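Here is a short, friendly tour of the salt bridges in this protein. Have the model open beside you as you read.

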Amino acid sequence: MREQVDAIFSQWQTERPDIDPSPVHIYGLIGRIQMQCTALIDEALAPFELTRGTYDVLTALRRAGAPYSLSPKQIAQSLLLSGAGLTSRLNKLEAQNYLARLPEPNDRRTLRVQLTSAGETIINEAIPRVFDVQRELLAPLGPEGQQQLVRDLSRFADAIDSRQSEAKTDARSSEQ
């Protein structure tokens with residue numbers, strides 16, 4: 001993986017020597033790691049007939065605590081998804097009888113999404129399998145390396161969040 005990212009970096013150095021392509025290393029590695037981890041998690045979830053995307057929906061509901069129910073909006077926000085991206089996942093999971101869409105008792109115009117007993121069973125079996133795969137992938141870093149990675153990624157995420165907040169504030173200021 002590192003060799004592929006290095007090759008892209010070198011190509012940019014050759015093709016555009018007037019710019020510094022150093023961000024390619026970081027963003028390239030982040031992208032490749034994300035793709036590879038998703039593929040490995042999908043592989044671990046295959047016996048459950050789940051994918052990373054459907055697993056994420058089920059875990060959002062499971063993390064919510066009993067009765068394992070959230071609004072579609074809450075799920076989408078938890079997973080950073082659009083409504084359209086969530087709908088296809090909900091349709092698939094409903095067809096598998098892992099969740100049900102129920103009317104909101106206080107507002108019939110909205111729905112709640114709730115784990116079924118089959119959904120609760122399957123996600124309770126799948127979670128340890130995924131955590132084991134994730135733990136195995138992180139093992140070469142050791143405990144200290146993992147803690148350092150969390151610190152570094154948190155700083156990076158905070159910097160991105162700060163920039164996005166500033167951009168929203170600037171946009172609001174220019175609208176007024």
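Let's begin with aspartate 18, which pairs with arginine 16 in a salt bridge whose closest N and O atoms lie 2.7 Å apart. This is a predicted model, so please read the distances as computed values. Aspartate 18 is exposed, at 55% relative accessible area, while arginine 16 is partly exposed at 37%.

How many salt bridges does a search of the whole structure find? The search finds six, and three of them are described here, starting with the pair above. Side chains of opposite charge can pair when their charged atoms come close.

Next come arginine 101 and glutamate 94, which form a salt bridge with 3.7 Å between the closest N and O atoms. That distance fits the cut-off, because a salt bridge needs the nitrogen within 4 Å of the carboxyl oxygen. Arginine 101 is partly exposed, with 27% relative accessible area, and glutamate 94 is also partly exposed, at 33%.

Our last stop is a helix. In α7 (residues 142–175), aspartate 152 and arginine 155 sit three residues apart, which means about one helical turn separates them. Their side chains meet in a salt bridge at 3.4 Å, N to O. Here aspartate 152 is partly exposed at 33%, and arginine 155 is exposed at 61%.

The N to O distances are gathered below.

| Acidic residue | Basic residue | Closest N to O distance |
|---|---|---|
| Aspartate 18 | Arginine 16 | 2.7 Å |
| Glutamate 94 | Arginine 101 | 3.7 Å |
| Aspartate 152 | Arginine 155 | 3.4 Å |

Terms used:
Residues numbered from 1 in each chain as written. Predicted model: local features only at pLDDT ≥ 70, side-chain atom pairs only at ≥ 80, totals over all residues. Heavy atoms only, no water. Buried < 20%, exposed > 50% of the residue type's maximum accessible area, 1.4 Å probe, protein only. Helix = DSSP H or I, 4+ residues; strand = E, 2+ residues; numbered from the N terminus.
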